[in-house]
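Reader: I am new to this structure. Please show me how to read a contact between chains, and then a strand.

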Amino acid sequence: MILKERLLGVGGALFGALLLLYLIPTFVTGEVTESGDPSFFPRIAGWLFLVLGGLQILFATPSEETLPSKQEMGRLVLFVGAMVLGTSLLPIVGFLPYSMGLMAVIVLMVFEKRPHWIALTIVGVPIGTWLLFEQILQRPLP
Amino acid sequence: MFSSIMKKASPVFATVACALATPALAATCPADFPDGPIALKVGFSAGGGTDSVARKAASLLQQQQGWTVYVENHPGASGGVMAKGLLKADSKGLSIGVGSTTTLAINPYKSKDINYTYQDFNYMGTGMMLNYGLTTKSGKPYSNLEEFVEYARDKGRATVSVGSLSYEIAVRNIAKHYGVRLIPIPTKGSSRALKDALGGHVDATVQGTAHVSQIRAGKMVQLATLTSERATYAPETKTLIENGLDLAIDGHIIFFTPKHTDSQIQTCLTEALAEVTESSEYTDMMNKLQAAASNLGAEGTTSYLQATSKFYQEALAK
Amino acid sequence: MFDLDLIISGLANAMTLTNICYILAGVVIGQIVGATPGLSIIMALAIAIPITFALDPLTAISFLISVNKGGTVGGAVPSILINVPGTPESAATALDGHPMAKKGKPLKALKYGLYYSFFGDLSSDIILILIAAPLAVLALQMGPVEILALMILAFTVISGLVGNSMIKGLTAAAFGFLLASVGLDPATASPRFTFGMLDLYDGLHLTALSIGALAMSELLHGMVNTRRGEKSAASIKINSKSKEDSHVSWAEVLANKFVAFRALIIGTIIGAIPGLGSTTAGFLSYSITKQSAKDPEKFGTGDPRGIAATETANSAVVGANLIPLLTLGIPGNIAAALLVSALMIHGIQPGPLLFEEQGELVYGMFGAMLIANFCNLGIAQFCMRFWAKVISAPKTVVFAAALLLCLTGAYVADGGTFAAFIAIIMAVVGYLMRMFGYSIVAFIVAFILTPQLEESIIQARLITDGDITMLVYHPIAIALLVLSVASVVFLGPRGNRKKKAKNVTAGDEKNA
């Protein structure tokens with residue numbers, strides 16, 4: 001898997017270059033004053049990415065990590081998609097529908113089949129969380 | 001959604017407090033006000049002076065008016081995050097902002113991402129005046145502003161730790177007036193600025209509240225008072241104005257609502273706040289903290305902010 | 001200087017029934033909040049403050065301190081049991097605590113954590129009570145130049161934790177540097193990478209970031225890897241039948257006394273200096289312990305020394321943090337700042353006169369701290385069984401519930417849906433970093449330490465007027481810099497030699 005490691009190095013170096021050439025000049029706009037240079041630390045990060053990326057290309061060693069299968073990546077995308085979609089709807093639909101929906105998606109995706117555990121996760125967990133925050137901790141949820 | 005660390009006083013405590021409080025209700029409020037719990041939205045994180053004052057005010061509003069009042073902290077950009085969010089509140093007056101002079105008079109001129117000015121809000125009044133002072137550790141070869149300036153001139157430079165931008169502006173103004181090199185050392189928060197001064201790592205510091213107990217303990221000396229009048233805890237120390245410098249930095253903790261808030265409710269809230277700041281419990285707390293429980297009132301606050309905004313707009317334009 | 005009457009009456013005040021009830025309640029609340037992923041001690045304290053309005057000052061402070069102490073003990077629980085650190089400081093506990101739990105010894109790991117945490121907290125409280133004043137003087141000696149040297153030392157020592165590949169570990173740290181620079185820069189207060197969003201002005205919130213990168217990424221990993229048909233078992237097997245695997249004997253605790261003692265010193269010193277915090281102490285102590293061990297490769301596989309080093313150090317910070325607060329009136333961290341708020345609401349201004357004007361209160365508080373430590377120990381013993389029960393539910397339920405708590409916690413703690421999105425993004429980033437072998441620990445530690453480092457660099461440059469020869473006036477800084485060189489020379493290579501071949505580090509790479 002040495003190719004993967006080298007590709008990571010290429011990615012790192014490209015990101016470093018992007019930081020130094022575009023992101024820092026565009027988004028770090030403070031002027032250099034006698035108090036210091038606002039872009040000092042971002043530039044350190046940029047150079048580190050660039051140099052370390054280069055070293056990674058040259059000295060990559062095989063790693064133990066195995067890349068996940070297509071199926072796993074698909075599942076990751078689904079989980080994240082569910083969270084992002086749910087969280088964007090949170091202010092509109094309110095906390096309980098949001099959390100019940102999210103729990104339902106997750107339970108479905110981790111192949112839980114036993115009805116009592118499904119019920120506990122979809123109904124019990126959201127209500128428990130709601131009680132915890134809203135009633136015990138007194139923090140209003142949407 | 002506009003929300004962050006939120007808290008209501010415990011319902012148990014609220015009930016007890018309501019039962020004990022004599023229904024004062026001196027403030028003239030619309031009959032249906034408030035139609036829900038009132039949020040005091042503090043523009044700073046929990047633990048600071050603004051937060052403490054807001055919490056005290058919340059508990060007193062609750063006792064005196066019988067309203068349910070809770071405090072939410074929305075820290076970020078010196079109250080800018082809170083103020084920007086507050087503009088979105090409706091006209092029912094259930095969201096009250098608690099910020100500082102920096103929130104309203106400095107932020108709008110410092111950052112292009114801040115799209116409000118002090119004119120976008122109504123003011124209920126102020127809760128506390130901060131004791132801005134230029135102070136140093138005792139035992140230094142200088143004990144007033146003239147001597148400090150001389151020291152800086154001899155040494156070529158002197159360092160002053162500052163916990164916020166308004167303090168930095170004050171230091172730069174003093175340096176310019178006397179033509180000496182005073183170097184503001186930017187520090188995250190006034191308490192760390194205080195630590196560096198007590199450790200002798202800097203030559204002086206500008207402080208708002210925490211130095212008062214140090215001065216009483218004899219650990220620090222006030223070189224100059226930065227407010228327009230002399231401070232009660234350092235009656236010997238001259239203000240900048242007395243030193244011949246046309247500069248006074250008054251800092252207040254300010255209570256405000258969006259401009260579009262119903263005008264009857266505005267009156268009601270202003271009166272309710274006045275009742276809080278006049279109560280003996282409130283003034284006791286302020287006295288113990290050696291702070292002034294000054295309430296400039298609705299109009300006073302507006303004209304104060306008008307003048308202060310003008311000052312900072314010019315100072316930051318340079 | 002010790003007024004015996006005052007001390008006795010103070011301690012007696014702490015022993016009232018009301019007070020002890022509040023201490024117990026505080027400890028229970030703290031432990032539960034600490035053990036719940038997504039909830040932080042700071043949040044618990046902020047919630048507890050309004051409750052204390054109605055109490056007298058001593059009860060109020062005792063209650064808040066108990067919440068804080070309970071939270072420190074509780075924080076280790078999810079790290080050990082499901083490798084989901086609720087707070088960054090317990091991420092170091094997970095390094096060895098979770099592997100031990102996975103070997104079927106979760107109760108043993110929890111007990112190790114608890115005993116060392118108790119030791120660290122109690123000892124640092126005693127240090128606070130006995131020698132707060134000299135330690136405060138030491139803390140005052142640490143100006144910007146000295147702090148800068150200390151940060152350099154911390155970075156060199158902690159770089160021992162970068163993981164299997166030095167290059168990737170440093171890349172992860174660079175990412176931490178970059179994300180830490182989001183927000184207003186400390187020198188000129190101009191925005192960096194804020195993209196016009198005011199929510200980013202104060203930077204990425206640590207709570208949302210660490211919940212996402214540390215806890216939620218682990219949960220995602222667990223959920224993504226669940227396979228169809230795999231009978232979803234409990235996430236941890238509990239082998240409670242074997243006494244050996246669920247108990248910790250005195251001999252086992254005492255076996256790590258040197259590790260714990262060193263961790264106590266590290267935690268106390270870091271705690272006494274305002275602004276450094278328990279995460280730094282925990283990782284620093286873990287790193288030193290690992291690198292100075294004869295067998296560093298054992299760390300990360302469930303070594304009790306790893307738990308001893310982190311839990312003692314991060315708990316010692318809790319007591320030591322009050323040193324600058326009580327002697328100088330300077331809060332050392334956010335928890336201490338919240339105590340200031342609570343004191344001020346009761347009209348008490350912490351400062352150099354606190355002992356003189358409020359001696360009885362201060363000694364009452366000391367009494368309460370000691371009582372709280374013992375309550376903590378007792379209640380945790382009891383709670384442990386409860387956590388073990390919770391964790392015996394199928395991991396589908398545990399993971400789903402933990403994920404919801406994390407999202408809600410981020411939402412409530414720092415700025416609504418914005419913070420929840422930050423947590424989700426960081427969860428994905430953390431997942432990818434894990435997948436490609438980049439150290440999340442290196443990333444988080446760099447993120448936490450960078451703001452302090454950057455501020456110190458700016459301040460040190462201004463104070464010395466950019467003149468490096470001014471260093472001669474800062475002997476402590478020179479000593480710390482020498483120590484960091486020494487740590488590279490003595491700790492680094494020795495550790496490398498003993499590492500297995502797969503643990504490639506910079507030193508080996510030169511030969512490769």
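Author: Start with a definition: a salt bridge is a side-chain nitrogen of Lys or Arg within 4 Å of a carboxyl oxygen of Asp or Glu. This model is predicted. The rule finds one salt bridge across the interface of chain C and chain A.

Reader: Which residues form a salt bridge, and how far apart are the closest N and O atoms?

Author: C:Lys168 pairs with A:Glu5. Their closest N and O atoms are 2.8 Å apart. The rule also finds five residue pairs in polar contact across this interface.

Reader: Which helix of chain C gives the largest share of the side that touches chain A?

Author: Helix 19 of chain C, with twelve residues. By residue type, that side of chain C divides into 41 nonpolar, 14 polar and ten charged.

Reader: How many residues does each chain bring, and what area is buried?

Author: Chain C brings 65 residues and chain A 67. About 5,900 Å² is buried between them, and carbon and sulfur atoms give 76% of that. In chain C, the residues that lose the most area to chain A are C:Ile167, C:Phe193 and C:Leu404. Together they make up 10% of what that side buries.

Reader: Now the strand. Which way do the residues of strand 9 of chain B point?

Author: B:Ala204 and B:Val206 point one way, B:Thr205 and B:Gln207 the other. All are buried.

Reader: Which strands pair with strand 9 of chain B, and in which sense, parallel or antiparallel?

Author: Strand 6 of chain B runs antiparallel to strand 9, joined by three bridges. There, B:Gly133 stands opposite B:Gln207. Strand 7 of chain B pairs with strand 9 in the parallel sense, also over three bridges. Here B:Val162 stands opposite B:Val206.

Conventions: Residues numbered from 1 in each chain as written. Chains lettered and ligands numbered in written order. Predicted model: local features only at pLDDT ≥ 70, side-chain atom pairs only at ≥ 80, totals over all residues. Heavy atoms only, no water. Contact = heavy atoms within 4.5 Å. Buried area = accessible area lost by both parts, 1.4 Å probe. Polar contact = N/O pair within 3.5 Å; in protein donor to acceptor, adjacent residues only side chain to side chain. Helix = DSSP H or I, 4+ residues; strand = E, 2+ residues; numbered from the N terminus. Nonpolar A, V, L, I, M, F, W, Y, C, P; charged D, E, K, R; others polar. Buried < 20%, exposed > 50% of the residue type's maximum accessible area, 1.4 Å probe, protein only. Pairing = 2+ DSSP bridges.
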